[in-house]
Amino acid sequence: MRVRNNDYRPIRPAADFEPELRVSVVIPAYGAQDKLDLVLAGLARQTYPAGLTEVIVVDNGSDPPLRLPADCPPDTRLIRCETPGRGSARNAGLAEATGDVIHWLDSDVVPTAGAITAHMRWHHAAPYLAVTGYIRFSESPLPEKLPDDMEAYFEPAEPHAWIVRLVERTDGLTDNGERPFSLHVGGATSVSARLIEAAGPMDGDLVLGQDTEMGYRLMQAGAVFVPEPEARAYHLGPTMRMRHKERIDRVSYAFIGDRIPAYRWLRRHPGRTWKIPYLEVLVDGTAGYDTVRATVDALLAGTAHDLRVVLVGPWDTLERDRRAPLRDPNLELELVRGHYAYERRVRLAADDRVDPAVPYVLRLPPGWAPGEDSVAALLERARTEGLGLINILLDETPDGVVSARLERAASFARARMLAGPGEDLDDVVDEVSGIVWVSGESCGFAGEQPAPQGRRSAYRARVAAQAEAERLAKETERLRGEVARWRDEAGKWRKSAVEYRREIATLRKEAAGLRRDLSAADRSRQTLRTAFSARVKRALRK
């Protein structure tokens, strides 16, 4: 099944599936033996076959050491990890896991009886999923033994409000958002072991946010994230984040901003560089110093500042001729290396491999230079439309088409998992994310690019732009005043027109009255004439 972006809805997991996959439940723990006992008792009640389930409890340096209670799944083992930190403990359990699916579970989260079955139903339907259950936070007193009716005992409980809101505002994570990986929480998430192998283990250097950072790398490896409301579990008491959210976020954001480019709000500083850039641009560094420089300098001068340019060339094989540099056959390469060796946003590489955690890769032929906003606009389109590939048509020559490619790494990672033998990778990317062609000219790419402005020139241009903006603002205010004055004048004329119409109506009425009076007078005169004529005639007859 090839789903588009994170729209998992076409996948229809069967309710009566035949269990075949083995699941490894990894539980990092530090102290709190009483809570761990309840968690293991909950795992012992699972409806998923015990023969396909292994549980690995990682004691992360507890004193006294943790022990396994009698009420736990048959295939449960306890190992010890002395390196502090939940990430280190989970990685220790991961190294011991043998399952097809890894199920992260915290030592204070008790799953309901059907939780693992609800997870595994999805994993039997598709091999590239990360499934997260719904946790409810209970403040009920800890029982000595897990009650038969868990849900009745632990309710009322509070839902994981953050997960609920995330799922609701993204139509179940299917609306092409950039952050479905945020659903990867260690307390109740299961992931295909194949995906974890591709993404790598948890980052042991992180103090907080390990779950989210690993979720991001899982997305980059091609994962689809699924919320499963039937996979329910109870958290025994509130979490540290619930008690100290602002302080936890402050610590977490200080570290994960360097590692998760999708969190754009953490990267607003225009002059910073980051461990994982938002974009890597691959450029052939062997095309000649002037040609390469035109492209690289245009990239560095653009508004898409969160990028790294990778110049591909045989840099490790160069041996500089210090006595006769102008006769050095590798002079062009030496100039490129010398020009960019200490530029922090340029990396010299022997091949075109990129960091899989980088979300976007632009493959740009040397000599072609983007406009100031070209790359930023392309990235915004790829992000908002969820595109896996934007092909930029630069030129058509007798030898063929010259083009650049903006690739979304997560789309290509999933395509590589799904592509059949001999199948074109771009065709699969088109299915899972979409591909478009655009004109390089319409996007601002040019074969020749003016030299980028220096800081002083840019400052002068900015001051001039601000002055022009102020002038236009004043002119706008003046025109608004003119408009207001004309509106007042128009109002006066409208008022005069109304008065004139009233006067005209009065005059019309008066004229009508006069016409009636004249008609009456005419009739009276006619009557008098008739009477006078009659009297004259009578007098003459006498």
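Student: Let's start with a side chain in this predicted model. How does Arg264 count: buried, exposed or partly exposed?
Tutor: Take the relative accessible area of Arg264, which is 28%. Buried means under 20% and exposed means over 50%, with partly exposed in between. So 28% puts Arg264 in the middle class: partly exposed.

Student: Which side chain does Arg264 meet in a salt bridge?
Tutor: The pair links distant parts of the chain, 42 residues apart. Arg264 sits in the loop between α9 and β10, and its partner is in the loop between α10 and β11. The N to O distance is 3.1 Å, and the partner is Asp306.

Student: And what is the relative accessible area of Asp306?
Tutor: Asp306 counts as buried, so its value has to fall under 20%. Arg264 across the salt bridge is partly exposed at 28%. For Asp306, the relative accessible area is 7%.

Student: Arg22 and Asp75 also meet in a salt bridge. How many residues apart in sequence are the parts that this pair ties together?
Tutor: Their side chains come to 2.7 Å, N to O, and Asp75 is partly exposed at 29% relative accessibility. Arg22 lies in the segment before β1 and Asp75 in the loop between β2 and β3, so the parts tied together are apart in sequence by 53 residues.

Student: Where do Glu477 and Arg480 lie?
Tutor: These two form a salt bridge, with the closest N and O atoms 2.8 Å apart. Residues three or four places apart in an α-helix point the same way, because there are 3.6 residues a turn. Glu477 and Arg480 are three residues apart, about one turn, and both lie in helix α15.

Student: Which of those two counts as exposed?
Tutor: The cut-off for exposed is over 50%. Glu477 has a relative accessible area of 47%, so it is partly exposed. At 53%, the one that counts as exposed is Arg480.

Student: How many salt bridges does a search of the whole structure find?
Tutor: Some are linked up: Asp352, Arg363, Arg405, Glu407 and Asp426 form a network of salt bridges. Others have come up already, including Arg22 with Asp75. The search of the whole structure finds 38.

Student: Now the strands. How many residues of β2 are buried?
Tutor: Side chains in a regular strand alternate between the two faces of the sheet. In β2, Thr53, Val55, Val57 and Asp59 are buried on one side, and Glu54, Ile56 and Val58 are buried on the other. Both faces are covered, and the number of buried residues in β2 is seven of seven.

Student: What is the handedness of the crossover from β1 to β2?
Tutor: β1 and β2 run parallel and are joined by seven bridges, with Ser24 having Glu54 as its bridge partner. The chain gets from β1 to β2 through helix α1 (residues 33-44), and this β-α-β crossover is right-handed.

Student: Which residue in β3 is the bridge partner of Val55?
Tutor: β2 and β3 pair in the parallel sense over five bridges. Val55 belongs to β2, which spans residues 53-59. Its bridge partner in β3 is Thr76.

Student: Which strands stand at the edges of the seven-stranded sheet?
Tutor: The sheet is open, with the order β12-β11-β10-β13-β15-β14-β16 and mixed pairing. Each edge strand has a single partner strand, so one side of each is left without a neighbour in the sheet. Those strands are β12 and β16.

Student: What angle does helix α10 make with β11?
Tutor: From one strand to the next, the sheet's twist averages 25°. Helix α10 packs on the sheet, touching β10, β11 and β12. Its direction and that of β11 make an angle of about 170°.

Student: Which side chain does Asp297 contact?
Tutor: Asp297 lies in helix α10 and is buried, with a relative accessible area of 17%. Its side chain makes a polar contact at 2.7 Å with the side chain of Tyr340.

Student: Last one: which residue with a positive phi follows α7?
Tutor: In α7, 11 of its 11 residues are buried. What covers them includes α2, β9 and α13. After α7 comes a residue with phi near 110°: Gly222.

Conventions. Residues numbered from 1 in each chain as written. Predicted model: local features only at pLDDT ≥ 70, side-chain atom pairs only at ≥ 80, totals over all residues. Heavy atoms only, no water. Buried < 20%, exposed > 50% of the residue type's maximum accessible area, 1.4 Å probe, protein only. Helix = DSSP H or I, 4+ residues; strand = E, 2+ residues; numbered from the N terminus. Pairing = 2+ DSSP bridges. Right-handed = clockwise from strand over helix to strand, strands pointing away. Axes fitted to C-alpha atoms, helices over the stretch in contact; angles between N-to-C directions. Contact = heavy atoms within 4.5 Å. Salt bridge = Lys/Arg side-chain N within 4 Å of Asp/Glu carboxyl O. Polar contact = N/O pair within 3.5 Å; in protein donor to acceptor, adjacent residues only side chain to side chain.
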